[in-house]
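Hello! Here is a colleague's note to read with the structure open beside you. Please take the points one by one and find each residue on screen as you go.

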2 protein chains.
Amino acid sequence: MTPGRPVPPPLGKPLTAAETQETRTGPGTLTAAMGATSAESGLRPLTLARRVPKDDDVEIDIEFCGLCHSDVHATRGEWGSRPYPLVPGHEIVGRVRRTGAAVDDFRAGDLVGVGCLVDSCRECDSCLEGLEQYCERGNVGTYGVKDPRNGNAITQGGYSGTIVVDRRFVLRIPEGMDPAATAPLLCAGITTYSPLRYFDVEPGDVVGVVGLGGLGHMAVKIAKAMGAEVVVFTSSKGKTAAATELGADQVVLSREPSAMEAAKASIDVIIDTVAAPHDLNPYLRTLRLGGALFQLGLPPSDMPPVSPGLLIRRRLAYSGSLIGGIAETQEMLDFCAEHGVASDIEIVGASGLNDAYDRMVAGDVKYRFVLDTKTLHTPSEKADA
Amino acid sequence: MTPGRPVPPPLGKPLTAAETQETRTGPGTLTAAMGATSAESGLRPLTLARRVPKDDDVEIDIEFCGLCHSDVHATRGEWGSRPYPLVPGHEIVGRVRRTGAAVDDFRAGDLVGVGCLVDSCRECDSCLEGLEQYCERGNVGTYGVKDPRNGNAITQGGYSGTIVVDRRFVLRIPEGMDPAATAPLLCAGITTYSPLRYFDVEPGDVVGVVGLGGLGHMAVKIAKAMGAEVVVFTSSKGKTAAATELGADQVVLSREPSAMEAAKASIDVIIDTVAAPHDLNPYLRTLRLGGALFQLGLPPSDMPPVSPGLLIRRRLAYSGSLIGGIAETQEMLDFCAEHGVASDIEIVGASGLNDAYDRMVAGDVKYRFVLDTKTLHTPSEKADA
């Protein structure tokens, strides 16, 4: 997909009469899902009614869905109240089941992905630039928000058997990629890829990574694939070997002042994936002239203040970045396919999701859980949402 | 001057025998100055012995020197202890009196300037890129610091009759510029010009300016000259007319939530010149996608924390910037000459300096005091420093 592509989209090949009847008049697919019915419920079996695919829609049989830390926050109501029932999941990989009449870029059987976005206004400057994540009227997230082009139905995510998404927000998974290990690229991958590309990382640059979880381990792999030298900051000596295994050229123990002092003014860009409040000033000191620190995690309370003197004395930037646009997500998938980059995953079944959440909160996963949707129950005859 | 010019410099035209004798063997010039002898002394008449010009030196008869807020902090010991006696001043304009043997780019009578720097290591990556202000070994400020290439003598600034500076750190003042109104460009001008150029401001961009003092008024004029639309934020309705007179296209009252809300996501880059701690989040909300806020003033205590969510949701940058390099300062002077940009000044005599400091602290100047050095006393026969 290219940035700024025209709205409305070109018409695709019409469906056959039988297909049209099915998609236009048939019922939406009932599908099994795992979701929360309240902030305290944990995840439990639910049944979703997916909409009948419209002309531009792609219906996808989901194979795998990554478990993102934001799924935990959302289902537990830690980021403000959410509509329940709520089915999380925005690292979705599956195969096209059927397509609407105007879709000619996807066909049944294609391996595809869906990330954090399923729609946006398509008209603002951000959308026209292919930066749908920064849609000025607010993007439409993959779960838990109103979907204006679909009667303001609440979107429901990828811990489910199927999903229906407008073709503009469907990604193509390149040949040869492992579907399960690719799923986390749709959020963790693009969230780290985007700031590295924005900063224009190239061979010889030094990239720092703070936090070695789902996002951090992707940042290490992607930065290495871009040809950068990678420095992992960790508070725990025990993570040194793991960081090196992932490809880190250097590991700096962030609680050792002498190690931090030795790293002073040595790094071009830092990808900070820690979502808890923490002092950024020690990391800013490790940046070279003109360096930038991108904070990707959103802490639940105030961060300690950044020292303006550090920014002034080396013309640094303290920045943020939000996932990525659709065109850039496709670029990232193609880049990862070319460089053999995938997530390190642990596959879980539907019945293991609640335990997996607890382990995520405890930081006990290397580095991403992925739900295998074959383990979902059979959907009931009546939908919960 | 071009970035990265070779070290050591090419040899210039040799002086005549008479000139050589004068510069090599004659005594340094004794010159009148106004400086502090302690943090509490205020400014009082002193006599400085300037060094005998070395081969690469330019001796300058100072005509005007701007009064920068940092002069107040330094002489009053508010930025940590300083060596006394201390003669401040780093917005210097004057005429070349004599030059060393290796100087062929300046000659007696030339109108020249000296800003915040009089030397740097000349060898680090920053210096080789023409970013001497970010010298990795620490630049040599125009006053109050050790000067390694001159026996670690303490540098003394421009509230004085003469100064001797290496030719690499001497600026050429273009024909037709008013010497007094040009002096503040050497600090206030370049400090605001540099981040605007770094951000690559061009016609059609919207530039916000926070704080309408010495730096802020230069930011307005320079941004306008770059073709930008300029929005001035002020907490005081009384400053609206003054902002408009300077060229602001729009004035936003920063204490009126509705005015700040109306300015939301409308600005490309903000130049924040306020040196007191203040909440940046309301200003960050006025930035467009990819916007940047450059903080130029260094507050004496912590700033309220910046919200990472604001940075993340619009990929903003909270940045700093420090004066400018020598090549860029020359570029700025040429730009200001071309566009008729100068500082709005009030000229003061030596005996008025202490009152001027009090008025600066009270914000009672539009917009920069400039010392006329003709008002300095006659130097004594013995130097104080």
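The numbered points below go from the ground rules to the interface, the strands, the salt bridges and one buried leucine.

1. **Ground rules.** This is a predicted model, in which local features need pLDDT of at least 70, side-chain atom pairs count only at pLDDT 80 or more, and totals for chains, interfaces and linings use all residues. Residues are numbered from 1 along each chain as its sequence is written, chains are lettered from A and ligands numbered from 1 in the order in which they are written, and side-chain values use heavy atoms, with hydrogens and water left out.

2. **Where the chains meet.** Begin with the interface: 30 residues of chain B are in contact with 30 residues of chain A (contact means heavy atoms within 4.5 Å). The area buried between the two chains is about 2,600 Å², and carbon and sulfur atoms give 66% of it. Buried area here is the accessible area (1.4 Å probe) that two parts lose on being put together, summed over both. On the chain B side, B:Ile312, B:Arg315 and B:Tyr318 lose the most area to chain A, together 29% of what that side buries.

3. **What the chain B side is made of.** Four elements of chain B each supply at least two residues of the side that touches chain A: α5 (188-198), β16 (287-295), α10 (308-313) and β17 (317-320). Helices (H or I, at least four residues) and strands (E, at least two) are DSSP runs, numbered from the N terminus. The largest share, five residues, comes from α10(B). By type, the residues of this side divide into 17 nonpolar, nine polar and four charged. In that sorting Ala, Val, Leu, Ile, Met, Phe, Trp, Tyr, Cys and Pro count as nonpolar, Asp, Glu, Lys and Arg as charged, and the others, Gly among them, as polar.

4. **Strands across the interface.** Which strand of chain A is joined to β17(B)? It is β17 (residues 317-320) of chain A, held by three bridges, and the two strands run antiparallel. Here A:Tyr318 stands opposite B:Tyr318. Strands pair if DSSP finds at least two bridges between them. The rule finds zero salt bridges across this interface (a salt bridge is a side-chain nitrogen of Lys or Arg within 4 Å of a carboxyl oxygen of Asp or Glu).

5. **Strands inside chain A.** Strand β1 (residues 30-35) has five of its six residues buried (buried means under 20% relative accessible area, exposed over 50%, partly exposed in between, with a 1.4 Å probe and protein chains only). β1(A) pairs with β2 (residues 44-49) of chain A in the antiparallel sense over six bridges, and A:Gly35 stands opposite A:Arg44.

6. **A strand with two partners.** In a regular strand the side chains alternate between the two faces of the sheet. In β5 (residues 111-114) of chain A, A:Leu111 and A:Gly113 point one way and A:Val112 and A:Val114 the other, and all are buried. β5(A) pairs antiparallel with β4 (residues 92-99) of chain A over four bridges, and with β11 (residues 171-172) of chain A over two bridges.

7. **Salt bridges.** The count over all chains comes to 46. A:Asp61 and A:Arg97 form one, with the closest N and O atoms 2.9 Å apart. In another, A:Arg368 and A:Glu91 have their closest N and O atoms 2.6 Å apart; these two residues are 277 residues apart along the chain. A:Arg368 counts as buried because its relative accessible area is 5%, and A:Glu91 is buried at 0%.

8. **A leucine to find.** Is B:Leu86 buried or exposed? It counts as buried because its relative accessibility is 0%. B:Leu86 lies in the loop between α2 (69-75) and β4 (92-99) of chain B. Not counting residues up to four places away in sequence, B:Leu86 touches several residues, including B:Ala36, B:Tyr143 and B:Gln156.
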